[in-house]
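The exercises below are meant to be worked with the sequence and the predicted model side by side. Try each task before reading the solution that follows it.

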Amino acid sequence: MPRTFEEEEQFLERLSPHSWRIKQGFVGNMRVEGVFYVNSHLERLMFDELRQHCRSAGYGGFLPGMKQIANVAALPGIVHRSVGLPDVHSGYGFAIGNMAAFDMDDPSAVVSPGGVGFDINCGVRLLRTSLFEKDVLPVKEQLAQALFDHIPVGVGSKGVIPMDANALEEALEMGMDWSLRQGYIWAEDKEHCEEYGRMLQADPTKVSARAKKRGLPQLGTLGAGNHYAEIQIVDEIYDRTAARKMGIDEVGQVCVMIHCGSRGMGHQVATDALVAMEKAMKRDKIEVNDRQLACARIQSEEGQDYLKAMAAAANYAWVNRSSMTFLTRQAFARQFGASPDDLDMHVVYDVSHNIAKVERHWVNDRPRTLLVHRKGSTRAFPPHHPLIPVDYQLTGQPVLIGGTMGTCSYVLTGTEQGMRETFGSTCHGAGRALSRAKSRRNLDYTDVLQALEAKGISIRVASPKLVMEEAPESYKNVTDVVDTCHAAGISKKCIKLRPIGVIKG
């Protein structure tokens with residue numbers, strides 16, 4: 001018998017002005033508690049989603065985010081808590097904006113593709129420039145068109161980076177080392193990338209022929225959905241010391257943000273793993289609360305095969321963003337008649353927000369080796385952490401938070417409190433508030449374009465349908481999300497960026 005909303009509410013407890021606890025018992029078999037971070041506005045969205053689910057048995061294709069956070073808390077081997085960040089919303093198995101860590105020394109601990117997502121190593125890269133708004137505004141339309149012309153976008157787009165089957169194998173294994181060898185990136189780009197742009201456990205032999213076939217033509221393409229390249233202006237600086245370390249000195253400075261992932265290849269790697277893991281679950285008698293949480297023991301053949309294939313797809317995503325970095329530098333160089341070096345087009349940082357990684361963290365006053373799943377959540381390590389670049393040792397890791405089409409984006413930095421509460425994780429973006437179908441029903445194409453034009457934003461988009469799906473009204477307010485993380489102390493605001501040019505599929 002389904003519980004009423006009032007009965008569900010008994011298992012929810014406010015911990016602070018910005019966080020709630022999901023007590024064990026909210027769903028069956030919870031091994032740890034759940035926690036989610038919200039402000040008053042985001043809190044209403046979370047509770048409305050749960051209330052709607054309680055009223056309607058046929059609610060959506062996914063469980064509400066709160067239920068998904070709790071179901072993840074029931075997975076074998078999970079430690080500490082299942083965490084929902086302020087941008088959390090329903091996803092496949094795990095909520096998008098859900099972080100969970102599993103004890104590598106626990107033989108029952110699992111890895112779940114739903115905890116990484118279908119777009120493996122979807123992430124964000126930020127390039128700075130020496131240009132200012134006054135330099136770009138007179139040629140804004142031409143620059144937006146140049147980016148659109150240089151970067152292949154859209155569902156069926158094909159890359160312009162020369163690629164054959166042998167080169168793809170090397171890219172899957174080497175990540176950004178392949179891009180460096182081919183001359184598509186600068187050596188210092190790697191230094192400012194999570195994992196230095198290469199997961200060493202990648203094994204291309206664990207990637208199916210179908211996944212490689214899908215990935216071969218798509219390298220160096222933006223794709224569609226919520227992916228974008230944006231020309232952005234530094235709008236506010238909250239932490240001048242940290243911003244200077246990133247090469248961002250003044251309001252008005254021009255940056256470029258690239259948001260994309262592993263395209264069809266990552267999707268196929270996840271699909272292949274889910275099929276294999278459903279069989280492994282029957283063999284190993286693993287029970288989960290939701291079929292979409294298909295998983296395998298970390299040390300099983302299926303678990304290890306997935307982690308090696310996932311790492312290869314992650315490397316593909318870094319090569320993909322690196323290829324678009326090359327194309328972006330070319331577009332700017334052509335437009336301004338200066339070399340990318342002269343334009344100071346350095347990578348500030350590159351972060352992943354759909355990935356699972358082995359990390360060392362303190363749990364119950366002792367160090368543990370954990371497999372940390374971050375799905376729609378971003379690593380946010382504090383100052384002095386050994387895994388962040390020398391440049392950022394005193395300020396903490398830059399965290400790149402992409403906004404929605406036509407709204408602001410943010411750069412945050414990691415904190416010690418975040419290490420204690422969320423295993424060094426924070427939000428990744430705005431998070432959807434409306435489904436894609438609902439956005440298409442409720443919004444008008446021309447209205448959205450006129451609203452962007454009124455804000456002085458040039459847009460180039462391959463699909464009119466996408467304009468409605470990705471309109472700001474379809475998403476939570478990214479400032480609400482970022483302010484919640486800042487107020488909760490799990491990351492710290494550094495820079496606000498506003499777009500003047502948007503390139504989408």
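**Exercise 1.** Find the helix in which Glu469 lies, and decide whether Glu469 is buried or exposed.

*Solution.* Begin with the secondary structure: Glu469 belongs to helix H16, which comprises residues 464-469. Next, take its relative accessible area, which is 6%; because buried means under 20%, Glu469 counts as buried. Finally, look for Asn442, which stands 27 residues from Glu469 along the chain, and note that the C-alpha atoms of the two are separated by 9.8 Å.

**Exercise 2.** An unreviewed UniProt entry carries the annotation "binding site" for Cys122, His259 and His353. Work out where these residues lie with respect to one another, and describe the surroundings of Cys122 and of His353.

*Solution.* Start with the three positions that the UniProt record annotates, Cys122, His259 and His353. They span 232 residues in sequence, yet no two of their C-alpha atoms are more than 10.4 Å apart, so they gather at one spot.

Then place Cys122, which is found in the loop between S6 and strand S7 (123-132) and which, at 5% relative accessibility, is buried. When neighbours within four places in sequence are left aside, the contacts of Cys122 include His259 and His353, as well as His227, Cys260 and Arg321.

Turn next to His353, which sits in the loop between strand S11 (347-352) and strand S12 (354-363) and is likewise buried, its relative accessible area being 2%. With the neighbours within four places again left aside, His353 touches Cys122 and His259, and its other contacts include Arg374, Lys375 and His428.

**Exercise 3.** Determine how many disulfides the model contains, and examine the case of Cys427.

*Solution.* Recall that a disulfide is a covalent bond between the sulfur atoms of two cysteines. Applying the cut-off of 2.5 Å between cysteine sulfur atoms, the count comes to zero disulfides. For Cys427, the nearest cysteine sulfur is that of Cys485, at 3.6 Å, and Cys427 is in no disulfide. As for accessibility, Cys427 is buried with a relative accessible area of 0%, and Cys295 is also buried, with a value of 0%.

**Exercise 4.** Check the length of helix H2 against the span expected for its residues, and establish how its buried residues are arranged around the axis.

*Solution.* First, at 1.5 Å a residue, the 16 residues of H2 (residues 40-55) should span 22 Å, and the end C-alpha atoms are 23 Å apart, which agrees. Second, list the buried residues of H2, which are Leu42, Glu43, Met46, Phe47, Glu49, Leu50 and His53. Seen down the axis of H2, these fall within an arc of 150 degrees, so they line one face of the helix, whereas Ser40 and Arg55, on the other side, are exposed. Last, inspect the N-terminal end of H2, which is capped by Asn39 through a side-chain oxygen lying 3.2 Å from the backbone nitrogen of His41.

**Exercise 5.** Repeat the length check for helix H11, and identify what covers its buried residues.

*Solution.* The 22 residues of H11 (residues 263-284) should span 32 Å at 1.5 Å a residue, and the end C-alpha atoms are 32 Å apart, in agreement. Among the buried residues of H11 are Arg263, Gln268, Val269, Leu274 and Met281. The elements that cover the buried residues of H11 include strand S6 (110-111), helix H6 (165-174), helix H9 (209-215), strand S10 (296-297) and helix H12 (301-336). Following H11 comes Lys285, whose phi is positive, near 55 degrees.

Key:
Residues are numbered from 1 along each chain as its sequence is written. This is a predicted model: local features need pLDDT of at least 70, side-chain atom pairs count only at pLDDT 80 or more; totals for chains, interfaces and linings use all residues. Side-chain values use heavy atoms; hydrogens and water are left out. Helices (H or I, at least four residues) and strands (E, at least two) are DSSP runs, numbered from the N terminus. The expected span of a helix is 1.5 Å times one less than its number of residues. Buried means under 20% relative accessible area, exposed over 50%, partly exposed in between (1.4 Å probe, protein chains only). Contact means heavy atoms within 4.5 Å. UniProt positions are given in the numbering used here, feature names are shortened, and annotations may be inferred rather than shown by experiment. The arc is that of the directions from the helix axis to the C-beta atoms. A polar contact is a pair of N or O atoms within 3.5 Å; within protein, one must be able to donate a hydrogen and the other to accept it, and residues adjacent in sequence count only if both atoms are side-chain atoms.
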